[in-house]
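Got a minute to look at a model together? Have the sequence and the 3D view open as you read.

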Amino acid sequence: EKKNQDEDLLFEGYLTILEEHRRKCEAEHNYAEAELVIKRMEELRKEQGEKRIEVLKSKHMAEKMELDKGHMLEFNNVSLKWDKKMNDYLLITAEKERIQAANHAKQMEEMIEKLEKSLPKAPKPSSQLLNLRKIQETYVKQ
């Protein structure tokens, strides 16, 4: 930045010298020389403008690269945090699934035990079957 300011001061000083030379030439009625000085000043201004544009482009590219670098670092940090959260989530859900499966197996076992206890061990004949057996016995006695 300071280098550019120093160059700008030198450039302005050089233009001032050329301007004084142009005035001197015009005062001496040396218009051809004054015209050459004017053309040289225009060329120098054009070159200086192009140089400034190049400097600005280079600064812009450096800033853009720095921003891109910062963006990539931030993106990588976010990605790492996200991956860690996803891994933690997967571990927690796997553990919860394991616990839930164990609870379901235990509940199923308890339900089977309860059903086995509540059902009679020997089957009871139905009332219709008992009635048919009575009829059969009466026929056998006759």
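What follows is a quick tour of a pocket, a helix residue and one more helix.

Keep in mind that this is a predicted model.

Let's start with the pocket. The largest one has a volume of about 160 Å³. It is lined by 11 residues, and Asn4, Asp8, Gln48, Arg52 and Val55 are the closest to its centre. Two elements each give two or more residues to this lining, namely α1 (2–27) and α2 (31–118). Of the elements, α2 gives the most, with six residues. And what is the make-up of the lining of the largest pocket by class? Here's the breakdown:

| Class in the lining of the largest pocket | Residues |
|---|---|
| nonpolar | two residues |
| polar | three residues |
| charged | six residues |

Next, have a look at Arg22, which sits in helix α1. Is Arg22 buried or exposed? Its relative accessible area is 15%, and the cut-off for buried is under 20%, so Arg22 counts as buried. If you skip its neighbours within four places in sequence, Arg22 is in contact with Ala34, Val37 and Ile38.

Last stop: helix α3, residues 127–141. How many of the 15 residues of α3 are buried? The number is zero, so this helix lies largely in the open. You can also check α3 with a ruler: at 1.5 Å a residue, its 15 residues should span 21 Å. The C-alpha atoms at the ends of α3 are 21 Å apart, so the model agrees with the expected span.

Conventions: Residues numbered from 1 in each chain as written. Predicted model: local features only at pLDDT ≥ 70, side-chain atom pairs only at ≥ 80, totals over all residues. Heavy atoms only, no water. 1 Å grid on protein atoms, 1.4 Å probe; cavity = no way out; pocket = protein on both sides within 12 Å on 5 of 7 lines; lining within 4 Å. Points joined across faces, edges and corners; volume = space filled by probe spheres on them. Helix = DSSP H or I, 4+ residues; strand = E, 2+ residues; numbered from the N terminus. Nonpolar A, V, L, I, M, F, W, Y, C, P; charged D, E, K, R; others polar. Buried < 20%, exposed > 50% of the residue type's maximum accessible area, 1.4 Å probe, protein only. Contact = heavy atoms within 4.5 Å. Expected span 1.5 Å × (residues − 1).
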